Amino acid sequence: GTWEPEVILGMFNSEWRNPATDADMGFSVDARWNYGWGFAGLSWVDSAVWDNNNGTQPRQLFGLHARYTGIPNWRFQGEWITGKNGAVGGVEQDTDGWYLQAAYEVPTMPGIVFARYEEYDAGQATDDYQALHLGYRHNLTKLDELTVQYTDADLGNDGANEAVFQYQRRF
């Protein structure tokens, strides 16, 4: 089939979801190729990670991702990442992670039910993260959506469960 290339550029608080400790910005570049069955692509992120012991450290990640949409109302996607996640005691920390997600577009509602499993190892100085996310994203308009999500997660030997209610506006 035919394919259509797409490039997505991103700029964000360098600390990702954590409160920024400085004015640093993070950047991302996604290149993907859209096919009749979905898409496949590459990602690159250059940002920072911060912790109390080591301060702000550089983070560079590379990833591969794909989405399959060949079954009506269903979406399956996954991503694998690798890279560097700061340094501890002058030693760079390798990072690896992956996720798989299934989503179902509810025909009688403007929304999507989703389930996602992920594993992430941020380096030798941190505990592995494993999580199962369950949620629903409701499209209010073409630009506005609400998401309700529950996450059952483990960070090392500790639970890291959370419930999230999020509003998002596209520009």
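Is Leu155 buried, partly exposed or exposed? In this predicted model, select Leu155 to begin the tour: with a relative accessible area of 39%, Leu155 is partly exposed. The residue belongs to strand S9, which covers residues 144–155. Add Asp128 to the selection; the two residues are 27 apart in sequence, yet their C-alpha atoms are 5.8 Å apart in space.

Next, select Leu42, Phe62, Leu64, Trp80, Trp98, Leu100, Tyr117, Leu132 and Leu134. Together these residues form a nonpolar surface patch with about 790 Å² of accessible area. Strands S4 (55–68), S6 (91–106) and S8 (129–139) each give two or more residues to the patch. One of the patch members, Leu132, is found in strand S8 and is partly exposed at 37% relative accessibility.

The tour now turns to charged pairs. The whole structure holds six salt bridges, among them the one between the side chains of Glu6 and Arg32, at 3.0 Å from N to O. Glu6 is in strand S1 (residues 4–13) and Arg32 in strand S2 (residues 25–35), so this pair links parts of the chain 26 residues apart. Glu6 is partly exposed, at 29%, as is Arg32, at 21%.

Select Asp94 and Lys84 next, whose side chains meet in a salt bridge at 2.4 Å, N to O. Because Asp94 lies in strand S6 and Lys84 in strand S5 (residues 74–88), the pair ties together parts ten residues apart in sequence.

Finally, select Arg137 and Glu145, which form a salt bridge with their closest N and O atoms 3.4 Å apart. Glu145 is buried, at 5% relative accessibility. Add Arg170: salt bridges with shared partners join Arg137, Glu145 and Arg170 into one network.

How values were computed: Residues numbered from 1 in each chain as written. Predicted model: local features only at pLDDT ≥ 70, side-chain atom pairs only at ≥ 80, totals over all residues. Heavy atoms only, no water. Patch = residues over 30% accessible without salt bridge, like charges linked within 9 Å, V, L, I, M, F, W, Y side chains within 5 Å. Areas by Shrake-Rupley, 256 points an atom, 1.4 Å probe, with all protein chains shown as cover. Salt bridge = Lys/Arg side-chain N within 4 Å of Asp/Glu carboxyl O. Helix = DSSP H or I, 4+ residues; strand = E, 2+ residues; numbered from the N terminus. Buried < 20%, exposed > 50% of the residue type's maximum accessible area, 1.4 Å probe, protein only.
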